[in-house]
Amino acid sequence: MDSSPKPSLFVPDPETARGSRIPDYETLYAASVADPESFWGNLAKELHFTKAPRKILDWNPKTFEGRWLVGAEGNICDNALDRHVRDGFGNKVALIWAGDGGEEELFTYGRLLDQTVRFAHILKKLGVGKGDRVTIFLPPTPGQVIAMLACARLGAIHSVVFSGFSQAALRSRLEDFEPKVLVTADCAYRRGKRIPLLETARAARKGLTSVEATVVVPREGPPESLEPGERSLTDLQTEVRFAGPLPSVPVTCDDPLFVLYTSGTTGKPKGVVHVQLGYMLGTYATARTIFDLRDSDVYFCVADPGWITGHSYIVYGPLLNRATVLLSEGTPEYPDAGRHWSLIERHRVSVYYSTPTTIRLQMRFGDSWPAGRDLSPHRSLGSVGEPLNPEAWHWLHRVTGGKLPIMDTWWQTETGMIMVTPLPSTPEKPGSAGRPFPGVVADVVDSSGHTLPSGETGTVVIRTPWPSMFRTVFRDPERYRKYWTEIPGAFFSGDSARRDEDGFFFFLGRVDDVIKVAGHRLGTAEIESALITHPKVAEAAAIGKPDELRGEIIKVFVVLHPHAADTPPAHDEIRKHVRTELGGIAEPHEVDIVISLPKTRSGKIMRRVLKAREMGLPEGDLSTLED
């Protein structure tokens, strides 16, 4: 049982609770799990369909296929843009972009719709139609959002690749996804540094026959020269200038919206497939309810649209709710540590959805940066990516006035939407993600799937289907099946947690070999695969090591080839090699050169032993070790 002191309970202000969309969580939650189809069906009525659903959920427990909104036809782009313009909100600001170099640009819903239609015409001209695949390798700019919405409008399937990835990481995703079109930019900027994105894209696509065309979006200006197969966005815009309207393509409950690659434990990133209509319902409902979005709000999520948080809670969820979204390029400490506080004050941000890494970074810079800023428009705060430690929770709560609710959320790429969270009207406990969202049945279980008593640590599972659940793993249905067979009859999240006597979840981390660095999930096998491509490295192991700022840092252990013993590589050389192979987010923070690695008799590296030794913890059962 857990022996730690009971966390203090923060009760929301009565006015906040009364104004919330869910003033009585317990009553609504009980009703939602008793009759989930009515709960989700009523929310679906707030969206627009060209053909109404005849059935809310068709769940097949044998194939683990959850088909939501069966018989419906509609389009997420139509709901995110056209619906609001039709309702008379074309002049409302949809997107505020803040560039790395201080640039700013505003897009009303009418302008964003116009730009999306133009980009959809371009994709159509390049042969993209319903079911075709498009890879988007762009920095967090308006063009990235527009490209995603344009794909959705056509019924095409987009795969956004984080612009910080190296050519090797991009190539592995292109090889698996096989897109017809690649959309990239001439460059990106981060902390004032120019990143040659087009060069990375060219190296990654070399020799790949699936990519029929590459659209080059100008970030700083038209590229000086283009290679065969590359088309300048500026030229393409001229060609479709008078193309006219382009209605959204109706899609069904089975049509994919995107494939997003996330690291696993096998080394090969897995392509998580989300379908349009169910994902639309889940992200609409959670963004609307958890952040209590209103027409007067300016909503700022610090994520990059290249990750699932950006998909669900920068692009689709907020736009479905007719929010004004602030999209920020760059980092929270450039050009100074007050970057986010300055943006919040200037644009009168009322909802701020951050990450534990960002909050801890701001905390390290001190109170002086938020002090004196006008934060009065703030209504709620949020956090995502990993557990928000109580110290950071209290700091954020204090510097923003001491009254604002903090939505410390838990969910995954696979879930598509927030699954466990506080609400503006519910009590909060620092360090806890709260309780399940209405309609979500989450549990903490042992290895046999039995519910554990309060205070005991186990694996988090989801017992019943939810609208934005992923449909499969791209080209790997067996990998999808494992999510549902690890704990029979439930979705296996791979995350560990304990639940207190009040039903609040306290998440502790991964139960598998995935490292979370600043909210980014990185597979140990993918890092190790990059390490052993170094000519002097024979074997390698990677672990996540707790870090006060980032949550975890990457530490690697390498065994050298015998021929390299006399001239071992410098630690910096090893770190830079991984950076070249996978990108900056995968660069190890610490390197140990060792004689051997702890392995089982079957040859499996015992990473838990390495981690235990690193942290000075008991190493557990060593009976299976080879030596």
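**Exercise 1. A bridge partner in β13**

Task: In this predicted model, find which residue of β13 is the bridge partner of Leu260, and describe the pairing of β12 with β13.

Solution:
1. Leu260 has Val272 as its bridge partner in β13.
2. Strand β12 covers residues 256-262, and strand β13 covers residues 270-275.
3. The two strands run antiparallel and are joined by six bridges.
4. As for solvent, β12 is mostly covered, with six of its seven residues buried.

**Exercise 2. The mixed sheet**

Task: Give the strand order of the seven-stranded open sheet, name its edge strands, and locate the helix α5 that packs on it.

Solution:
1. The order is β4-β3-β15-β14-β16-β17-β18, and the pairing is mixed.
2. The edges are formed by β4 (104-108) and β18 (406-408), each of which pairs on one side only.
3. From one strand to the next, the twist averages 15°.
4. Within this order, strand β3 (residues 93-98) and strand β15 (residues 324-328) run parallel, joined by four bridges.
5. Ile96 stands opposite Leu326 in β15.
6. Helix α5 (residues 109-125) packs on the sheet and touches β3 and β4. Its direction makes about 90° with that of β4.

**Exercise 3. The pair α4 and α5**

Task: Classify the packing of helix α4 against α5 by angle and by handedness, then list the residues in contact.

Solution:
1. Helix α4 spans residues 76-86, and its axis is 9 Å apart from that of α5.
2. The packing angle is about 130°. Angles over 145 degrees would count as roughly antiparallel, and 65 to 115 as roughly perpendicular; α4 and α5 are therefore oblique to each other.
3. Their crossing is left-handed.
4. On the α4 side, the contact is made by Cys77, Ala80, Leu81, Asp82, His84 and Val85. On the α5 side, Tyr109, Gly110, Leu112, Leu113 and Thr116 take part.
5. By class, the residues of this contact of α4 with α5 are seven nonpolar, three polar and one charged.

**Exercise 4. The pair α7 and α8**

Task: Carry out the classification by angle for α7 and α8, and give the handedness of their crossing and the make-up of their contact.

Solution:
1. Helix α7 covers residues 167-177 and helix α8 covers residues 197-205, with axes 8 Å apart.
2. The helices pack at an angle of about 50°. This value lies outside the roughly parallel class, under 35 degrees, and outside the roughly perpendicular class, 65 to 115; α7 and α8 are therefore oblique to each other.
3. α7 passes α8 in a right-handed crossing.
4. Gln167, Leu170, Arg171 and Leu174 of α7 meet Thr200, Ala201, Ala203, Ala204 and Arg205 of α8.
5. The residues of the contact of α7 with α8 comprise five nonpolar, two polar and two charged.

**Exercise 5. The four-stranded sheet**

Task: State the order of the open sheet of four strands and explain why β21 and β25 each have one side without a neighbour in the sheet.

Solution:
1. The strands follow the order β21-β22-β24-β25, and the pairing is antiparallel.
2. β21 (442-445) and β25 (505-510) stand at the edges with a single partner strand each, so one side of each has no neighbour in the sheet.
3. Ignoring direction, neighbouring strands of this sheet are turned by 45° against each other on average.
4. The partner strand β22 (residues 458-462) runs antiparallel to β21, and four bridges join the two.
5. Ala442 stands opposite Ile462 in β22.

**Exercise 6. Backbone exceptions**

Task: Locate the cis peptide bond between Tyr334 and Pro335, and decide whether Arg322 counts as buried or exposed and how Arg475 is classed.

Solution:
1. As background, most residues other than glycine have a negative phi, and most peptide bonds are trans.
2. The bond joining Tyr334 and Pro335 is cis, with omega about 5°. Pro335 is placed in the loop between β15 and α12 (339-346).
3. Arg322 has a positive phi, near 60°, and lies in the loop between α11 (308-320) and β15.
4. The relative accessibility of Arg322 is 18%, so Arg322 counts as buried, the cut-off being under 20%.
5. Arg475 also has a positive phi, near 60°. The loop that holds Arg475 runs between β23 (472-473) and α15 (477-485).
6. Arg475 has 48% relative accessibility and therefore counts as partly exposed, since exposed begins over 50%.

Note on methods: Residues numbered from 1 in each chain as written. Predicted model: local features only at pLDDT ≥ 70, side-chain atom pairs only at ≥ 80, totals over all residues. Heavy atoms only, no water. Axes fitted to C-alpha atoms, helices over the stretch in contact; angles between N-to-C directions. Left-handed = near helix turned anticlockwise from the far one by under 90°. Contact = heavy atoms within 4.5 Å. Nonpolar A, V, L, I, M, F, W, Y, C, P; charged D, E, K, R; others polar. Pairing = 2+ DSSP bridges. Buried < 20%, exposed > 50% of the residue type's maximum accessible area, 1.4 Å probe, protein only.
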